[in-house]
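Colleague: Before we go through the charged side chains, please show me the sequence and the structure.

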Amino acid sequence: MERIDFGVRECPVENVVVYLDQAEVTRTIKAELKPGETQIVLNDLSPSIDKDSIRVEGRGSAKINEVVFSSEKTTAPANKTKSNDDENKDDEAAVDEKQKL
């Protein structure tokens with residue numbers, strides 16, 4: 001399985017909504033996916049993130065199989081796995097972080 005790592009600072013902020021007790025930050029990741037499974041890992045998320053608030057969406061023919069959050073800095077599976085049975089494509093995923101301020 002191919003693995004693509006992104007640092008959170010590499011992913012541009014598309015939108016921010018501020019609430020009284022938290023903020024919703026939307027970031028975009030663009031990745032060229034090859035046929036088969038690809039694990040996309042987003043590193044360096046805020047330690048105060050609510051792991052149950054993470055949302056992932058994809059565009060194109062890629063299918064999201066799983067979303068996993070881990071606060072450990074390891075090479076273990078994290079964040080999302082996509083598979084793509086078609087040719088190489090530029091697919092995007094938007095990751096929403098809601099974190100308490």
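Colleague: What makes the contact of Arg59 and Glu57 a salt bridge?

Modeller: This is a predicted model, in which local features need pLDDT of at least 70 and side-chain atom pairs count only at pLDDT 80 or more, while totals for chains, interfaces and linings use all residues. Residues are numbered from 1 along each chain as its sequence is written, and side-chain values use heavy atoms, with hydrogens and water left out. A salt bridge is a side-chain nitrogen of Lys or Arg within 4 Å of a carboxyl oxygen of Asp or Glu, and the side chains of Arg59 and Glu57 meet at 3.4 Å, N to O, so the pair satisfies that definition.

Colleague: How many salt bridges does a search of the whole structure find?

Modeller: The search finds two; in the one between Asp5 and Arg3, the closest N and O atoms are 2.8 Å apart.

Colleague: Why is Asp5 called partly exposed?

Modeller: Buried means under 20% relative accessible area, exposed over 50%, and partly exposed in between (1.4 Å probe, protein chains only); Asp5 has 37%, and therefore counts as partly exposed. Arg3, at 27%, is also partly exposed.

Colleague: What makes Arg27 buried?

Modeller: Arg27 has a relative accessible area of 15%, and is therefore buried.

Colleague: Which backbone oxygen lies 2.9 Å from a polar atom of the Arg27 side chain?

Modeller: That is the backbone oxygen of Cys11, and the backbone oxygen of Val8 lies 3.1 Å from a polar atom of the side chain of Arg27.

Conventions. Polar contact = N/O pair within 3.5 Å; in protein donor to acceptor, adjacent residues only side chain to side chain.
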